[in-house]
Amino acid sequence: MHLNPDLILLWLVRGLGTISAILVLLILLFLFKEAFPVLREVGIGAFFFDAVWQPTKGKFNLLPMILGTLWTTLGAMILATPLGILSAIFCQFYAPDFLAKLYRRLLELLAGIPSVVYGFWGLLVLVPMINRIQPPGASVLAGILILTLMILPTIALIADASFAKVPTSYLTGSQALGISQWGMVWGVAVPAAKSGLMTAGILATGRALGETMAVLMVCGNVVKTPTGLFDPVRTLTANIALEMAYALGDHRSALFVSGLMLMVVVIGLIAVAEWVVAEGKNYG
Amino acid sequence: MVKQKWGDRLGTGFIWAIPLTITAIFLWIIGDVFWHGLGQINWQFLFTAPIDAGRSGGIAPILVSTAWILLICMGVSLPLGIGTAVLLVEFSDIKTGFGQLIRRSLDTLAGVPSIVFGLFGNALFVKVFGLGFSILSGGLTLACMVLPLLIRSTEEGLRAVPQSYRLGAASLGISQTKTLWHLILPAAMPGFVAGFVLGIGRAIAETAALIFTSGYVDRMPSSWLDSGRSLSIHIYDLAMNISNGNANAYGTATVLITLLLMINALTSWIGATWTNHHFKF
Amino acid sequence: MTTFHPKNTIHPTAIRTENLSLSYDQKIAFQDISLPIPAQKITAIVGPSGSGKSSFLTCLNRLTDLTQQCRVSGKVYLAGKNIFDPKIDVIALRRRVGMLFQQPNPFPFSIYKNLVFPLKEHGITDRSHVEYLIEESLTAVGLWDEVKDRLKSSALRLSGGQQQRLCLARTLVLKPEVILMDEPCSALDPISTGVIEDLIKDLGDRHTIVIVTHNLAQAKRISHQTALFWSQKNVGHLIEVAPTQDFFQHPVNPLTQAYVTGLKG
């Protein structure tokens, strides 16, 4: 029988597409498969209410790490969101064209620097500086500062793109009314680009939550709920990176539980981002 | 009135201060690495093996391992990515449930933290497939990671090809396969190349997904099933686990950043030539 | 409800559509069109925009297959066979039924490769034969003398009118029986339009041509048979079909009367 090449092509790309589509499911499946033994044994509660994190002794309190991730991410978002949005405002409304282009290129380069290089610079430059203010230096603050640098380009570039989509008629309209530049930006452009700005924030949050190497290198990695900015801290991701190499049995399984937690949060964030985009389309 | 003017000026000053600060920090990071690292780099550094856990000696096996990991990563992700993009664009499956499903999964995949890719690679490739800590495991893990990036860029390339080409070819009785091969894919080439280069950039920068898939071993790999250490892991290991490893860590970071800057330049060169010559070949 | 003119059956028909309807997603483009198209004559389809003329044309070579949301019902007979029969070889069909588009769409290749590409795909590779066919088709569209010295240069450097003639040559090189034309002059200047019109009239002796046009004067000048499409409640219908002379001089349907005298449309 003569086979139609177009049909072969269709089934070939359908096959390849299916593999791409099921990757996320596979990831969830394998995380769950590896996490399952310890979940069945001790339940989800143990990860929040056990006394300490001593996985080799059956104690699985992940709370210090969860809080570590939370504080560093939150801190970085508080710093990076305004800085990123202001950077985008600079590109769109203040800088001459060539400078805006140059700055965008710089942001792209910043986004492309490997996290291990950020971590390395943080370890050798930032941590000693903080150490001079208050030892030990490797701290929540160091993590926040490094994460800020890392997610700022993401926020700035997405915000820049969403400002670019604001219809120029809005802007010229407000200029015709004699509204100042500052007033135009805050009164017209920012509200008009709102859904894009929120998406930028959400995606950057995901990036900060999942970042591993840089925080691993600058945060000190002590398993203890931090009480101040200068305390060392260990994040969920750093915990996985540090212990995975030698973890066995329930310990290994517990690390997969923390991976599963990260995955669930990230999927939730993406769902929210999609919702924001859809809402923006409806009302923007 | 005067008050508002002052507010405006203050705002303007503030707005200019931020990019200046960020530019300064960028130069600081890059400058710091190059300042300490350039002196380390010579032929010997590039072409000899590390000695004493990397404190001295070079990075030859690390460069080789990195190249192998990238090769496997791109070798697997390119056909997958191009195939998926072709499905999404050329077979207009995008509005059907299946197309939507693929798009949703890819959006999610793009947001998965790299350490989670590492866990997944460890569970599937290292354990279930029995590949152990190996270059193959690492490359396959990275292939999953760069896939969304690759598909997006390939899709953009395919969508930039005018629909009139497809209609014209179909009306001449040219099969879809031949149209794709001779007309659409060459016209979308800049999109693939851009995706390819971006994918390499992302993969070469990655560390967390490799620590427990490709492993740590800094010897010259003799096969894909050997563990191999990437440039980024070498930097991490020297900085964190080896005392007096900083000098060579700087050298390795300089090599890594130079490679990335070259990749970046290549991407923008492709972007520029694309817009100029797209319809003239 | 279509008005058929009694003289309409004097020629053998090349294509006959039977209750042909087409819909996209929710929207019906046209409905129940039964139109006989005489062989080796020029049939013009006229009517206001949105009356389904172009969509109708794309059914005749099944270009509709490329649009997934598109559903076709009814029949199209080409030489007695329904082309929507699943057993039909679409590739062979499209070789017999060529098409010229509104916008000239040469491929981003050299002039030469634009013509070789379809030939190669249909298995014509003998070099001297290929070269003969290329010269023949370029001569037929009056392009040979203009481009014979630069066959290897990009087709995209040609002017709009030259590009459209190249596209016509690209269709002719496969020796189709039928040529579909979707407003082939609407993107061209008046001089190029004149050149293409002369070509179409010329080709009408040997080919079955179906041309969609907005331009009533053009339909009058070049066609042997004219059909009027009209959108009623957003759905295209065939109103009247007649030999061109009768269509313009003695239209039967009041809509046609209004349209040809410029009162409507």
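**Entry 1: A:K59**

I began with A:K59, which counts as partly exposed at 35% relative accessibility (buried means under 20% relative accessible area, exposed over 50%, and partly exposed in between, with a 1.4 Å probe and protein chains only). I note here that this is a predicted model, in which local features need pLDDT of at least 70, side-chain atom pairs count only at pLDDT 80 or more, and totals for chains, interfaces and linings use all residues. Residues are numbered from 1 along each chain as its sequence is written, chains are lettered from A and ligands numbered from 1 in the order in which they are written, and side-chain values use heavy atoms, with hydrogens and water left out.

I found A:K59 in strand β2 (residues 59–60) of chain A, where helices (H or I, at least four residues) and strands (E, at least two) are DSSP runs numbered from the N terminus. Leaving aside residues up to four places away in sequence, A:K59 touches A:D50, A:V52, A:W53 and A:Q54, contact meaning heavy atoms within 4.5 Å. I also looked up A:V185, which is 126 residues from A:K59 in sequence and 53 Å from A:K59 in space, C-alpha to C-alpha.

**Entry 2: backbone angles**

I kept in mind that most residues other than glycine have a negative phi, and that most peptide bonds are trans. In chain A, I looked up the peptide bond from A:P135 to A:P136, and this bond is cis, with omega near 10 degrees. A:P136 sits in the loop between α5 (115–133) and α6 (140–164) of chain A.

In chain C, I looked up C:K233, whose phi is near 50 degrees, a positive value in a residue other than glycine. C:K233 lies in the loop between β11 (225–232) and β12 (235–243) of chain C, and its relative accessible area of 81% makes C:K233 exposed. C:N234 is found in the loop between β11 and β12 of chain C, and has a positive phi of about 70 degrees although it is not a glycine. With a relative accessible area of 56%, C:N234 is exposed.

**Entry 3: the chains**

Which chains have the most contacts between them? Among the 2 pairs of chains that touch, I found that the most contacts are between chains A and B. No contact joins chain A and chain C, and their closest C-alpha atoms lie 10 Å apart.

I then took chain B by itself, which has 12 helices and 2 strands. From the N terminus on, I read the order of its elements as α-α-β-β-α-α-α-α-α-α-α-α-α-α. The C-alpha trace of chain B spans about 75 × 70 × 35 Å along its principal axes, and buried residues make up 56% of the 281 residues in chain B. Of the contacts in chain B between residues at least 6 apart in sequence, 73% join residues at least 24 apart.

**Entry 4: B:S171**

Is B:S171 buried or exposed? I found B:S171 in helix α7 (residues 163–171) of chain B, and at 2% relative accessibility B:S171 counts as buried. A polar atom of the side chain of B:S171 lies 2.8 Å from the backbone oxygen of B:G168. Not counting residues up to four places away in sequence, B:S171 touches C:N61, C:L63, C:R94, C:V97, C:G98, C:M99 and C:F101.

**Entry 5: two helix pairs**

In chain B, I looked up helix α4 (residues 97–111) and helix α6 (residues 135–159), which pack at an angle of about 130 degrees with their axes 8 Å apart. That makes α4(B) oblique to α6(B) (angles under 35 degrees count as roughly parallel, over 145 as roughly antiparallel, 65 to 115 as roughly perpendicular and the rest as oblique). The contact is made by B:R103, B:L106, B:D107, B:L109 and B:A110 of α4(B) and by B:C144, B:P148, B:I151, B:R152, B:E155 and B:R159 of α6(B).

In chain C, the axes of helix α6 (residues 160–172) and helix α7 (residues 190–203) come within 9 Å and cross at roughly 20 degrees. That makes α6(C) roughly parallel to α7(C). The contact is made by C:G161, C:Q164, C:R165, C:L168 and C:L172 of α6(C) and by C:S192, C:V195, C:I196, C:L199 and C:L203 of α7(C).

How values were computed
Axes are lines fitted to C-alpha atoms, for helices over the stretch in contact, and angles run from 0 to 180 degrees between N-to-C directions. A polar contact is a pair of N or O atoms within 3.5 Å; within protein, one must be able to donate a hydrogen and the other to accept it, and residues adjacent in sequence count only if both atoms are side-chain atoms.
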